[in-house]
Amino acid sequence: FAEVYMNNEQEPFLINFGFKNSVEAVVEGITGIIAEGYASLYGIKDLEGEIQAKGSFRDILDSWGRQKSPMLLYHHGKDRILGAAPIGWALEIKPDEKGLYVKTFIPRDPTPPFQDNIEEKTKRWNQIYQGIKSRAIRGFSVGGMYQHVRNVLTKWSTTELSITPTPALPEAEFYFGTKAISMMYPYDTQYDNISKVEKPMM
């Protein structure tokens, strides 16, 4: 649902966009969040003074994107408790003329289950999941190996994708539900293939 105001009225009316749940979804029987948006944009200087050259992600589908289920990390694997444990995986990766657009899935429960420090890690997982769900945590960030000329990044050869509370590029935010539809250019706005996505073997 979305609140819409007409003619400066104070009371909104609701429009149903047809989503049963605009935040959580089920992928291969697993409940979680589909978060999508531009993980990076061309031509914008980030907080570290770096700029992505147009086309710098052109080969990403031949490296990171060739993995069956490219991993999604939290804050580049630097979290004190979770470390480099994946918090999800990429459903789609699409470089386009604006930057790198990704669709990701974050399970509500640890997938696969933790094998050590289970209580502490599960508690931290739940904190992060709720932060993502509320969009208190809403940044995307890419990391890995790249070529550059001074502060201009010209080519990524391998990479990892993270959700982070402090993205180097503030514009790299994810969305879900109806907001994601407006960000999906030139994406198809339907989720017809979600049921075909396989959970990663980790």
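## A chat about a predicted protein chain

Modeller: Buried residues make up 42% of the 202 residues in the protein chain. Keep in mind that this is a predicted model.

Biologist: Thanks! How many helices and strands does the secondary structure come to?

Modeller: The protein chain has two helices and 10 strands. Starting at the N terminus, the order is β-β-β-β-β-β-β-β-α-β-β-α.

Biologist: And what does the accessible surface of the chain come to?

Modeller: About 11400 Å², and carbon and sulfur atoms account for 50% of that.

Biologist: Let's go inside. Which residues have the most contacts in the largest nonpolar core?

Modeller: That core has 36 residues, and those with the most contacts inside it are Ile-87, Leu-100, Ile-132, Phe-140, Leu-161 and Ile-163. At least two residues each are supplied by strand S4 (30-41), S6, S7, strand S8 (99-107), helix H1 (118-134), strand S9 (139-149) and strand S10 (152-164). S4 gives the most, with five residues. There is also a second, separate core of six residues, and Ile-30, Trp-89, Leu-91 and Phe-105 are included in it.

Biologist: Why would nonpolar side chains be found together like that?

Modeller: As a general tendency, nonpolar side chains in soluble globular proteins are buried together.

Biologist: You mentioned S6. How does S6 run relative to S7, parallel or antiparallel?

Modeller: S6 and S7 run antiparallel, joined by two bridges. One residue to look at is Met-71, whose bridge partner in S7 is Trp-89. Trp-89 also belongs to the second core.

Biologist: And S6 with S10, parallel or antiparallel?

Modeller: Those two run parallel, with three bridges between them. Here Leu-72 stands opposite Leu-161 of S10, and Leu-161 is among the residues with the most contacts in the largest core.

Biologist: Now the loop between S6 and S7. Where does Asp-79 sit, and is Asp-79 buried or exposed?

Modeller: Asp-79 is in the loop between strand S6 (71-74) and strand S7 (88-95). Asp-79 counts as buried because its relative accessibility is 12%, and the cut-off for buried is under 20%.

Biologist: What is Asp-79 in contact with, leaving aside neighbours within four places in sequence?

Modeller: With that condition, Asp-79 is in contact with Tyr-74 and Arg-124. The side chains of Asp-79 and Arg-124 make a polar contact at 2.8 Å. A polar atom of the Asp-79 side chain also lies 3.1 Å from the backbone nitrogen of Ile-81. If you want a landmark further along the chain, try Thr-164: the two residues are 85 apart in sequence, and their C-alpha atoms are separated by 10.0 Å.

Biologist: What about Pro-86, buried or exposed?

Modeller: Pro-86 is in the loop between S6 and S7 too, and it is buried, with a relative accessible area of 17%. From Pro-86 to His-76 is 10 residues in sequence and 9.7 Å in space, C-alpha to C-alpha.

Biologist: Changing topic: which peptide bond is cis, the one from Thr-111 to Pro-112 or the one before?

Modeller: The bond from Thr-111 to Pro-112 is cis, with omega near 0 degrees. Thr-111 lies in the loop between S8 and H1, and Pro-112 has its place in that loop as well. Thr-111 is buried, at 16% relative accessible area, and a polar atom of its side chain lies 2.9 Å from the backbone oxygen of Asp-109.

Biologist: How many aromatic pairs turn up in the whole structure?

Modeller: A search finds eight. In one of them, Tyr-146 and Trp-156 are tilted, 5.0 Å centre to centre with 55 degrees between the planes. Tyr-146 is in strand S9 and Trp-156 in strand S10, 10 residues apart.

Biologist: Are those two rings on buried or exposed residues?

Modeller: Trp-156 is buried, at 3% relative accessibility, whereas Tyr-146 is partly exposed, at 33%. Ring pairs also link both of them with Tyr-42 and Phe-57 into a cluster.

Biologist: Last one: what is the phi of Glu-28 and of Arg-150?

Modeller: Glu-28 has a positive phi of about 50 degrees although it is not a glycine. For Arg-150, also not a glycine, the positive phi is about 55 degrees. Glu-28 is in the loop between strand S3 (24-27) and S4 and is partly exposed, at 42% relative accessibility. Arg-150 is in the loop between S9 and S10 and counts as exposed, at 75%.

Definitions and conventions
Residues are numbered from 1 along each chain as its sequence is written. This is a predicted model: local features need pLDDT of at least 70, side-chain atom pairs count only at pLDDT 80 or more; totals for chains, interfaces and linings use all residues. Side-chain values use heavy atoms; hydrogens and water are left out. Helices (H or I, at least four residues) and strands (E, at least two) are DSSP runs, numbered from the N terminus. Buried means under 20% relative accessible area, exposed over 50%, partly exposed in between (1.4 Å probe, protein chains only). Contact means heavy atoms within 4.5 Å. A polar contact is a pair of N or O atoms within 3.5 Å; within protein, one must be able to donate a hydrogen and the other to accept it, and residues adjacent in sequence count only if both atoms are side-chain atoms. A nonpolar core is a set of buried Ala, Val, Leu, Ile, Met, Phe, Trp, Tyr and Cys residues joined through side-chain atoms within 4.5 Å. Accessible areas come from the Shrake-Rupley method with a 1.4 Å probe; for residues, only the protein chains shown count as cover. Rings of Phe, Tyr and Trp (its six-membered ring) pair if their centres lie within 6.5 Å; planes under 30 degrees apart count as stacked, over 60 as edge-to-face and the rest as tilted. Two strands pair if DSSP finds at least two bridges between them.
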